[in-house]
Amino acid sequence: MRNLLQSIENKLRYLLEDKLDRLIFPGVSSSLSYTLTELIQKKIKDQDGSEIIQMPDLITLKVSPERWDAWQQSLPLLTEVSTALAESWDQQGFTYKSPPIIQLLQSADLSSNQLKVETDFTIEEYTSRQTALQKISRDPLQDNLPKDACLILKDQEPFFLTKAIVNIGRRSSNDIVLTDPLISRNHLQLRLQNGKYYLFDLGSKGGTKVNNHPANNLALEPGDVIQIGNTDLIYNHWIDQKGSDSNKTTYGEQQ
């Protein structure tokens, strides 16, 4: 296990050194590599005695508002880190709910050169760990879902989004399976956060665009057009037209 963790840390430093230090601030690459490896090790230790060790597939980097734009420029590099982690885990036979995702969040509590790293499991994995005897009187997810959120594909019925995590790609195990050969097997993922769906590219070969702009870690708005391969998916949900004469609830208009 120690060799695996050391291998992961070395690989992360190799990917991040120089590039990340130039974009953000000197020393951030070694700090991130060490901290992330330590957190992965802790998640493994927490599962001592389990038949199957599940690797954390959700990595959150909390950064200062002052460094937000610089961190946004590092997203392609962080996608490489996600891919490297998945490859390391595959080689060692570890399992994970979905390919690891690195998301960025702003934290006003952090100073310019501070970075906070958190690791966790996807919501489905967390839920599956709860006792089967625990009774839940209501589903908190329903309170956060955008009303009638859906993806619209030409000449098909809308696909309504009712889960906190939605996987999209050619692989048959995805929630939305697309046959476009230019789409990767695991192409992108939608994650519900604070009442909004955020789009994450899963290191796809062809990339992901929203409204003709490369996109990753992006909050979707009604009418946004997600472009992958030769396929367009229109995101929509019901919005309240507050203050309008009709005071009706309508779908967001396509931008």
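## Exercises on a predicted fold

Gln 193 counts as buried because its relative accessibility is 14%; buried means under 20% relative accessible area, exposed over 50%, and partly exposed in between, with a 1.4 Å probe and protein chains only. We will come back to this residue in Exercise 2.

This is a predicted model, in which local features need pLDDT of at least 70 and side-chain atom pairs count only at pLDDT 80 or more, while totals for chains, interfaces and linings use all residues. Residues are numbered from 1 along each chain as its sequence is written, and side-chain values use heavy atoms, with hydrogens and water left out.

**Exercise 1. Describe the protein chain as a whole, and find where pLDDT stays under 50.**

Step 1. Start with the secondary structure: the protein chain has seven helices and 16 strands. Helices (H or I, at least four residues) and strands (E, at least two) are DSSP runs numbered from the N terminus.

Step 2. Of the 255 residues in the protein chain, 43% are buried.

Step 3. Now look at contacts (heavy atoms within 4.5 Å). Among those between residues at least 6 apart in sequence, 56% join residues at least 24 apart.

Step 4. Check the confidence. Mean pLDDT (the predictor's confidence in each residue, from 0 to 100) is 81 for the protein chain, and 84% of its residues reach 70 or more. Residues 123-140 stay under 50, and the model has twelve contacts beyond four places in sequence for them. Residues 243-255 also stay under 50, with 32 such contacts. Where pLDDT is low, the predicted coordinates should not be read in detail.

**Exercise 2. Where is Gln 193 placed, and which residues does Gln 193 touch?**

Step 1. Find the element: Gln 193 belongs to strand E8.

Step 2. Follow the pairing. E8 (residues 188-193) runs antiparallel to strand E9 (residues 196-201), with six bridges between them; two strands pair if DSSP finds at least two bridges between them. Opposite Gln 193 in E9 is Lys 196.

Step 3. Place both strands in their sheet: this is an open sheet of five strands with mixed pairing, in the order E7-E6-E8-E9-E12. At its edges are strand E7 (176-177) and strand E12 (218-219), each pairing on one side only.

Step 4. List the contacts. Setting aside residues up to four places away in sequence, Gln 193 touches Gln 103, Leu 105, Tyr 198 and Phe 200.

**Exercise 3. Which strands does E13 pair with, and which way do its residues point?**

Step 1. Sort the side chains. In a regular strand the side chains alternate between the two faces of the sheet. In E13 (residues 225-228), Val 225 and Gln 227 point one way, Ile 226 and Ile 228 the other, and all are buried.

Step 2. Take one partner, strand E10 (residues 209-210), which runs antiparallel to E13 and is joined to it by two bridges. Here Val 210 has Ile 226 as its bridge partner.

Step 3. Take another partner, strand E14 (residues 231-236), also antiparallel to E13, through four bridges. Gln 227 is bridged to Asp 232, and Val 225 to Ile 234.

Step 4. Look at the turn: E13 and E14 form a hairpin with two residues between them, and Gly 229 in the turn has a positive phi of about 55°.

Step 5. Continue across E14. Strand E4 (residues 150-153) pairs with E14 in the antiparallel sense over four bridges, and Ile 152 stands opposite Ile 234.

**Exercise 4. Where does Arg 185 lie, and which residues are in contact with Arg 185?**

Step 1. Locate Arg 185 in the loop between E7 and E8.

Step 2. Beyond its neighbours within four places in sequence, Arg 185 is in contact with Gly 169, Arg 170, Arg 171 and Asn 174.

Step 3. Compare positions along the chain and in space: Arg 185 and Lys 205 are 20 residues apart along the chain, and their C-alpha atoms are separated by 9.8 Å.
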